[in-house]
Amino acid sequence: MSEDKELSFSDAIKKASSSFTRFPLIPVKGIPLMNHITNNYDAVAAFCPDPSDLLIATYPKAGTTWTQEIVDLLLHNGDAEICKRAPIPVRSPFLEICSPPPIPSGLDLLKKTDPPRIIKTHLPFQLVPTGFWENKCKVIYVARNAKDNLVSYFHFDQMNLTQPDPGPWEGYIHKFMRGELAWGSWYDHVKGYWKEQEKRNILYLFYEDMKANPRREVERIMRYLDLSLSDDVISRIVELTSFKKMKENPMANYTFIPHPVFDQSISAFMRKGEVGDWKNYFTPEQSAEFDEDYEKKMKNVNIPFRTQL
Ligand code: PPS
């Protein structure tokens, strides 16, 4: 066993820092992904989960970390200390992520973790390893309204120095609309899981509902996981997963990913955590153009997104 295997997650990232760059996107079946992910995709597609594994699927910046933290706490009866045992990507591996060595890939971390595992993915439905469906794994999908999702992704792409340079705001809106950002089209992503939710028993959640009534959504997740926790424990989980608490939690706020990967002086990972922040960025003209295009792309489905509460 090499000594690199003994490195902590953060130390492995520091050690690999000289190989970091804004990685190019290379498509897998038409979906643009960072080149390391694309090169490793065949191994990801062959991944065979345990039937007890849970998949949390999202388009980037839709509320993944929030949901991962809720699920980890639910599975540990709201024990805050146990849920600080490791940074969130170690507690809940990111299936397809693959970076320069010695950073462990998602598959490396999954190999070291016993089921039941909480697995994160941003893969669109059609790229999810078929083993999840064959083994009837539980799947939680979290969707966030397009405009807030875009604003959050714009800030993330500025501070995540491994993703393509977002460029100016105006151009970024069009890249989002054309599905050119990493993990592809938001529109196809949210529709892909929406259409499959009944057949695959997917719990389809909305970021806006989690903001509006976090307790109700935590309870929905609890029931989906066939758990029954006391009212006090549920209250504690709601409190521990508030934006304020998670922003202060070093095992959830991504401060364990050091510069030069995440430069949180540019924008914090836990940035605002609000619904409707898009109004601070879209001009009325940009909003009208976006809405017109949105109507066309979403006309064949009726997904009840809310852009304000
Ligand atoms: S990632 O990188 O795709 O895994 O990011 P993801 O976790 O999906 O999304 C990050 C955004 O979610 C916000 N966030 C929260 N909002 C409310 N409450 C809680 N507890 C919470 N935790 C994370 C985070 O702030 C990012 O949104 P923005 O709008 O940028 O603040």
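In the predicted model, Asn 160 makes contact with Arg 22, Val 261 and Phe 262 once its neighbours within four places in sequence are left aside. Asn 160 lies in the loop that runs between helix H7 (146–159) and helix H8 (169–178). Because its relative accessibility is 4%, and the limit for a buried residue is under 20%, Asn 160 counts as buried.

Asp 291, by contrast in its class of exposure, is partly exposed, since its relative accessibility of 32% falls between the limits of 20% and 50% that separate buried from exposed residues. This residue belongs to helix H14, which spans residues 284–297, and its side chain is joined to that of Lys 147 by a polar contact of 2.8 Å. With respect to Leu 109, from which Asp 291 is 182 residues apart along the chain, the separation between the two C-alpha atoms amounts to 40 Å.

The packing of helix H11 (residues 214–224) against helix H12 (residues 231–240) was examined next, and the axes of these two helices were found to come within 10 Å and to cross at roughly 115°. The crossing of H11 and H12 is right-handed. On the side of H11, the contact is made by Pro 214, Arg 215, Val 218, Glu 219 and Met 222, while H12 contributes Asp 231, Ile 234, Ser 235, Ile 237 and Val 238. Classified by residue type, the contact of H11 with H12 comprises six nonpolar residues, three charged residues and one polar residue.

Within H12, the buried residues are Val 233, Ile 234, Ile 237, Val 238 and Leu 240. Ile 234, Ile 237 and Val 238 are thus buried residues of H12 that also take part in the contact with H11. The cover over the buried residues of H12 includes H11, together with helix H3 (64–75) and helix H13 (243–248).

The surroundings of the ligand consist of 22 residues, of which the closest are Thr 64, Thr 65, Ser 152, Tyr 207 and Lys 272. Backbone atoms approach the ligand at two of the positions considered here: a polar backbone atom of Gly 63 is 3.0 Å from an oxygen atom of the ligand, and a polar backbone atom of Gly 273 is 2.8 Å from an oxygen atom of the ligand. For Trp 66, it is an N or O atom in the side chain that is placed 3.4 Å from a nitrogen atom of the ligand.

Methods: Residues numbered from 1 in each chain as written. Predicted model: local features only at pLDDT ≥ 70, side-chain atom pairs only at ≥ 80, totals over all residues. Heavy atoms only, no water. Helix = DSSP H or I, 4+ residues; strand = E, 2+ residues; numbered from the N terminus. Buried < 20%, exposed > 50% of the residue type's maximum accessible area, 1.4 Å probe, protein only. Polar contact = N/O pair within 3.5 Å; in protein donor to acceptor, adjacent residues only side chain to side chain. Axes fitted to C-alpha atoms, helices over the stretch in contact; angles between N-to-C directions. Left-handed = near helix turned anticlockwise from the far one by under 90°. Contact = heavy atoms within 4.5 Å. Nonpolar A, V, L, I, M, F, W, Y, C, P; charged D, E, K, R; others polar. Near = heavy atom within 4 Å.
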